[in-house]
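Visitor: Could you walk me through this structure? I am new to it and will have several short questions.

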Amino acid sequence: MQWQDPGTGLNSIAKAAPTARQKCNPDVVIFLTTKRLPDTPWRVVECTPMLEIHDLACLRGDRLLFRRLGLSVQAGELWRIAGANGVGKTSLLRLLCGLATPDEGEVRWQRKTIQQERESFHAALLYLGHASALNDLLTPLENLHFACAAAGDAVDTAACSAALTRIGLGQQLDLPTKVLSQGQRRRVGLARMLLATQRLLWILDEPFTALDVAAAAELAQVIAQHAKAGGMVIFTSHQDADFGMPVRTLDVGKFGGAFSA
Amino acid sequence: MSKAFIAVLRRDLLLAWRSRADLLVALSFFVVVASLFPFGVGSDPDQLRAIGPGVVWVAALLATLLALPRMFSQDFDSGVLEQLLLSQEPPVVWVSAKIAAHWLSTGLPLVVVSPLLALMYGLKPSAIEVLALALLIGTPILSLIGAIGAALTLGLRGAGSLLALLVLPLMVPVLIFGAGSVDAWASGIGLRAHLLLMGGGLFAALALAPFASAAALRITMD
Amino acid sequence: MNLFKFSSPQTFYSLAGKLAPAFGVIAAVLAAIGLYISFFVAPTDAVQGEVYRIIFIHVPAAWMSMVIYLAMAFWSAIGLGLGTRVSFYMSKALAPTGALFCFLALWTGALWGRPTWGTYWAWDARMTSQLLLLFLYFGHIALTNAIEDARRADKAGAIIALVGAVNIPVIYFSVKWWNTLHQGSSINLTKISVVNTMLIGMLIMALAAWAYSIAVALVRVRSIILERERRTEWAGVEIAAQGGRA
């Protein structure tokens, strides 16, 4: 796969090529194939969505949370999943990650379902869930190092402690995690993001919760940077944050269950 | 061996070491349960020698059972299991690591302490060796079978007793051959058959149980 | 999806509705014939007298309890492999019947054991493995009932059914081994000289047990389907037609 800066003329080609359903992000164009288009000097393609959701439905017990939910996410996009409490935001994120199996529909990563492409999809994914995924008896440093190693990232301890120091946990490196405050725990997740910039897709469940103003601003900056570098970020949030770039919104409530038994 | 396997094994062993007080509780439970039997059946040395291997095995089984829910529950609550499921590695890799760590921290100590209990039951030194050897081969099977049950009952109400109901019947063969090996040795039949069967059981469990546990975890987390 | 026509809950629901009464009738007829042969045609045993006649219930029940566990494992494997919901429903529908037969086999075994062996319970290899099988049934039923999310319950039940099925031969073999090593109880299964009419009676009773199990499982699977599929349109209509509340 190859990334290219938006050059002159590229946008119009990219806009012409995709199929009707797909909308292109004008900032970034992805080249997946090298078919030469007639009448142009460009070896182009089409603008392919990296992550596609088709006709997704999710049931929780008797309640239909949402159905016919569709979305396509392209490189460089920032998506906020909106909706009231209990509307199924977290369920949607878990479906996107492949942690849960959809009752209907499918999630595709680079045109293949994430079940088919499990390994490459998970190699490109960073998911930070509602729970902090930290063990109380380990230090933040041990927790972070383990999280990276278990995910398959080759990150050494020095890089972990540098990331933790950068987000303001330099004093707490060797303390057990149980003495950390809620916000400090969240910051460990922030450090994980700093170490996972090579993972294209970030899915973040309520990343701003419990963060103070400074940390929230830093998080917004990290997220925006990732998107500008060609990554994708999908997150849920109740707070408004300034990313300095457009944020697309998906309201899960609009796909709400038409019936409940 | 894969990175994820080593990372999980190291972390779980480190965690076991940090919470060693909990492990001591399970170990004490093992000793207490085994010490209860003479109060129930009387202190006749011959009788105690006869029931000794079986008692130690049943106590080991119960102590393993007591420690089983801890195998996954902490990581389930804290969200670590979700992260592990999203690892590039197939789940069976890190599930195996978790089972291995669990056995090293709960099963192996039982094997180490068992000679002490065997002495209290008046077993001969050579019988004590046989018992410890049988436990060394058998307790990993208990952890492997137990992992399936632990994964299936994760997060349920009354998970502990449900777990017991699910896995104890499956553990009966291990109990039979484990305790039987001492009797077989004592009666002069020889150990070979028992140990071979238990070894075969261990390999079968090693080959199947991690996959079943991984499948169970995926279902539980779905 | 045409290949899996009957894996659609709706199709299977109506199919089960047609088949269940048929199997019910077959079961009743076979049981009547079988019981008649058992009690009136089959000769009195030379050694055991009339008591032996309990085998006409005992043996088919024991067979059935094992067959049903294997059937549950079979449906579970299909369900996990192909993702067909109906397979899980079948597995769930079979469990109580299997447990019932298992209990029946133990109970009649105890009743038979008292006059012939002089004891209700012996740690005999067959009885012990039958008892362990009953525990497996209990475990399966308890697990599927403890899990609130129906989908998780189905799949978890399937896993434990498969694990149990793999273990049944191991359990049986080890219990037999254990039994031959510990010659504590001096009980031998008293041999009955089986004559043809006895065998025929037993086979007819076994077939009756099969038909009964199928009929009951189908009736049960119908209510499971309605319960699980109540969100769907057709099930809603069906429930309303039966005077229920969707």
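Guide: Let us begin just after helix H5 of chain A, where Gly168(A) takes a positive phi of about 90°. Helices (H or I, at least four residues) and strands (E, at least two) are DSSP runs numbered from the N terminus. This is a predicted model, in which local features need pLDDT of at least 70 and side-chain atom pairs count only at pLDDT 80 or more, while totals for chains, interfaces and linings use all residues. Residues are numbered from 1 along each chain as its sequence is written, chains are lettered from A and ligands numbered from 1 in the order in which they are written, and side-chain values use heavy atoms, with hydrogens and water left out.

Visitor: Which residues of H5 in chain A are buried?

Guide: In H5(A), residues 157–166, they are Cys160(A), Ser161(A), Ala163(A) and Leu164(A). Seen down the helix axis, these buried residues fall within an arc of 160°, so they line one face of H5(A). The arc is that of the directions from the helix axis to the C-beta atoms. Buried means under 20% relative accessible area, exposed over 50%, and partly exposed in between (1.4 Å probe, protein chains only).

Visitor: What do the buried residues of H5(A) pack against?

Guide: They pack against helix H4 (140–151) and helix H6 (182–194) of chain A. Contact here means heavy atoms within 4.5 Å.

Visitor: How many disulfides are there over all chains?

Guide: The count comes to zero over all chains, a disulfide being a pair of cysteine sulfur atoms within 2.5 Å. Cys160(A) is in no disulfide, and the nearest cysteine sulfur, that of Cys148(A), is 4.5 Å away. Cys160(A) counts as buried because its relative accessibility is 0%.

Visitor: Now the sheet. What is the order of its five strands?

Guide: The open sheet in chain A has the order E8-E9-E10-E5-E11, with parallel pairing. Two strands pair if DSSP finds at least two bridges between them. Strand E8 (125–128) and strand E11 (248–251) of chain A are the edge strands, each pairing on one side only. From one strand to the next, the twist averages 15°.

Visitor: How many bridges join E5 to E10 in chain A?

Guide: Four bridges join strand E5 (residues 78–82) to strand E10 (residues 232–236) of chain A, and the two run parallel. Helix H7 (residues 213–228) of chain A packs on the sheet, touching E5, E9 and E10 of chain A, and its direction makes about 150° with that of E9(A). Axes are lines fitted to C-alpha atoms, for helices over the stretch in contact, and angles run from 0 to 180 degrees between N-to-C directions.

Visitor: And Trp178(C), where is its place?

Guide: Trp178(C) is in helix H5 (residues 150–181) of chain C. At 21% relative accessibility, Trp178(C) counts as partly exposed. Not counting residues up to four places away in sequence, Trp178(C) touches Ile176(B), Trp123(C) and Thr128(C).

Visitor: What area is buried between chain A and chain B?

Guide: It is about 2400 Å², of which carbon and sulfur atoms give 53%. Buried area is the accessible area (1.4 Å probe) that two parts lose on being put together, summed over both. In chain A, Leu99(A), Leu137(A) and Phe146(A) lose the most area to chain B, together 24% of what that side buries. The contact takes 30 residues from chain A and 28 residues from chain B.
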